[in-house]
Amino acid sequence: MRHFLLFLSVFTLFFSCKAPEARKPISISSGSFINESINRSKELTAREEARIQKIIKKDSLNNYISSDGGFWYYYEKKDTISSITPKFGDIVNFNYDVKNLNGNVIYNQKEIDTVTYSIDQEDLFFGLREGLKLMKEGEIVTFLFPSYQAYGYYGDDHKIGTNIPLISRVTLNKITKQSTKEN
């Protein structure tokens, strides 16, 4: 009887210790969430760009330029003599303000104060980074940025909320060249 119980115990132990089976997923993702997200982004972009185009059409006093980066701008003061624009690593000194598309001030120039920025080496929202590269010393430019060129989905954690297109008036005070190769 002892042998039988020992055999039964070993037999039970041997067959009860099998490798765990991988569990199958409960649901299979078809990628529909990503497709829906892409469609929402496209719709948001189209709505914002339509609002910006409406502003541009109403403003017959200024000549708007469409940038390769997806924002629009016009010159309030343009330098037609100089050809020097800031490049990677150059230090720029500038002032700017930020408004929503209705023209309501979010940040005025006094709140922001004068900014000293090293081109493409410090944190600044994408549209403004690209806009500064188009400017020459002494110029004043007004930019219209869709939200994806401004603070996007996250906002700035203070006054600018989610997906807010912006208007920014920028005065480029000084460019300090850092590389002699491009002068």
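User: Why is Pro146 called buried?

Analyst: This is a predicted model, and in it Pro146 has a relative accessible area of 0%. Buried means under 20%, so Pro146 counts as buried.

User: Where does Pro146 lie, and what does Pro146 touch?

Analyst: You'll find Pro146 in the loop between β7 and β8. Leaving out residues up to four places away in sequence, Pro146 touches Glu48, Ile52, Gly70, Phe71, Trp72 and Pro165. Take Trp72: it sits 74 residues from Pro146 in sequence, yet their C-alpha atoms are 9.0 Å apart in space. Contact goes by heavy atoms within 4.5 Å, so the C-alpha distance of 9.0 Å doesn't rule out a touch.

User: What makes a group of residues a nonpolar core?

Analyst: The residues must be buried, of the right nonpolar types, and joined through side-chain atoms within 4.5 Å. Here the largest such core has 26 residues, and Phe94, Tyr96 and Leu132 have the most contacts inside it. Elements giving two or more residues to this core include β3 (91-96) and α4 (126-132), while β8 gives the most, with four. Apart from this core lies another one of eight residues, Ile52 and Tyr64 among them.

User: Which residues is Phe94 in contact with, beyond its neighbours within four places in sequence?

Analyst: Quite a list! Among them are Val115, Tyr117, Leu128, Leu132, Val170 and Leu172.

User: How many residues lining the largest pocket are nonpolar, polar and charged?

Analyst: Three are nonpolar, six polar and two charged. The lining includes Leu44, Ser147, Arg40 and Glu48. Arg and Glu count as charged, so Arg40 and Glu48 go in that group. The pocket's volume is about 180 Å³.

How values were computed:
Residues are numbered from 1 along each chain as its sequence is written. This is a predicted model: local features need pLDDT of at least 70, side-chain atom pairs count only at pLDDT 80 or more; totals for chains, interfaces and linings use all residues. Side-chain values use heavy atoms; hydrogens and water are left out. Buried means under 20% relative accessible area, exposed over 50%, partly exposed in between (1.4 Å probe, protein chains only). On a 1 Å grid over the protein atoms alone, a cavity is a set of points where a 1.4 Å probe fits but cannot get out, and a pocket is an open set with protein on both sides within 12 Å along at least five of seven lines; lining residues have an atom within 4 Å of a point. Grid points are joined across faces, edges and corners, and a volume is the space filled by probe spheres set on the points.
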